[in-house]
Amino acid sequence: QVQLVESGGGLVQAGGSLRLSCAASGRTFNNYAMAWFRQAPGTEREIVAAIAGSGGASYYADSVKGRFTISRDNAKNTVYLQMISLKPEDTAVYYCAARPGLLGIYEYDYWGQGTQVTVSS
């Protein structure tokens, strides 16, 4: 069982930056691929970025490439999402998720409660 707790959301102006953090419980954090998803009102949840357990591979949605960076610190059981050049369309609830094994964009088993990111124009 993995428990995930996100933090770092908030209100920021367009062009600004935020860093989200996700703290995970458990002693085998590096056995889990981690990802950030987001869901805006009236839309389906979509994957934003994902990172392998070792941190050696990552995936980004086209909409965030070059602006968002996913990273992890396995010693601290924490994954991060650094977001720069934020746009109003980045406004959403951001969720941290975990899945055992390899990096992927589907079938995440564990989810955090979400943190709101609001980008004003």
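Buried means under 20% relative accessible area. Arg38, at 6% relative accessibility, therefore counts as buried. The legends below describe a predicted model.

**View 1. Asp90 and Arg38 meet in a salt bridge.** The N to O distance is 2.9 Å. The pair links distant parts of the chain, 52 residues apart. Asp90 sits in the loop between strand S8 (78–83) and S9. Arg38 belongs to strand S4 (residues 32–39). Asp90 has a relative accessible area of 1%, so this residue is buried. Arg38 is buried too, at 6% relative accessibility.

**View 2. Asp90 also forms a salt bridge with Arg67.** Here the N to O distance between the side chains is 2.7 Å. This pair, too, links distant parts of the chain, with the two positions 23 residues apart in numbering. Arg67 lies in the loop between strand S6 (58–60) and strand S7 (68–73). Asp90 is in the loop between S8 and S9. Are Asp90 and Arg67 buried or exposed? Both are buried.

**View 3. A network of salt bridges links Arg38, Glu46, Arg67 and Asp90.** Asp90 meets Arg38 at 2.9 Å and Arg67 at 2.7 Å. Glu46 is also one of the residues in the network. How many salt bridges does a search of the whole structure find? The search finds four.

**View 4. Lys65 and Asp62 pair in a salt bridge.** Their side chains meet at 3.1 Å, N to O. Lys65 is exposed, and so is Asp62.

**View 5. Arg99 is buried yet has no salt bridge.** Arg99 lies in strand S9, which covers residues 92–100. Which side chain of opposite charge is nearest to Arg99? It is Glu107, 4.8 Å away. A salt bridge needs a side-chain nitrogen within 4 Å of a carboxyl oxygen, so the Glu107 pair does not count as one.

**View 6. The side chain of Arg99 reaches backbone oxygens.** The backbone oxygen of Tyr106 is reached at 2.7 Å. The backbone oxygen of Leu102 lies 3.1 Å from a polar atom of the Arg99 side chain.

**View 7. Arg99 contacts residues beyond its neighbours within four places in sequence.** Among them are Asn31, Tyr32 and Ala33. Gly104, Ile105 and Tyr106 are also in contact with Arg99. Glu107, Tyr108 and Asp109 complete the list. Tyr106 thus appears both as a contact and through its backbone oxygen, at 2.7 Å from the Arg99 side chain.

Key:
Residues numbered from 1 in each chain as written. Predicted model: local features only at pLDDT ≥ 70, side-chain atom pairs only at ≥ 80, totals over all residues. Heavy atoms only, no water. Helix = DSSP H or I, 4+ residues; strand = E, 2+ residues; numbered from the N terminus. Buried < 20%, exposed > 50% of the residue type's maximum accessible area, 1.4 Å probe, protein only. Lys, Arg positive; Asp, Glu negative; His and termini not counted. Polar contact = N/O pair within 3.5 Å; in protein donor to acceptor, adjacent residues only side chain to side chain. Contact = heavy atoms within 4.5 Å.
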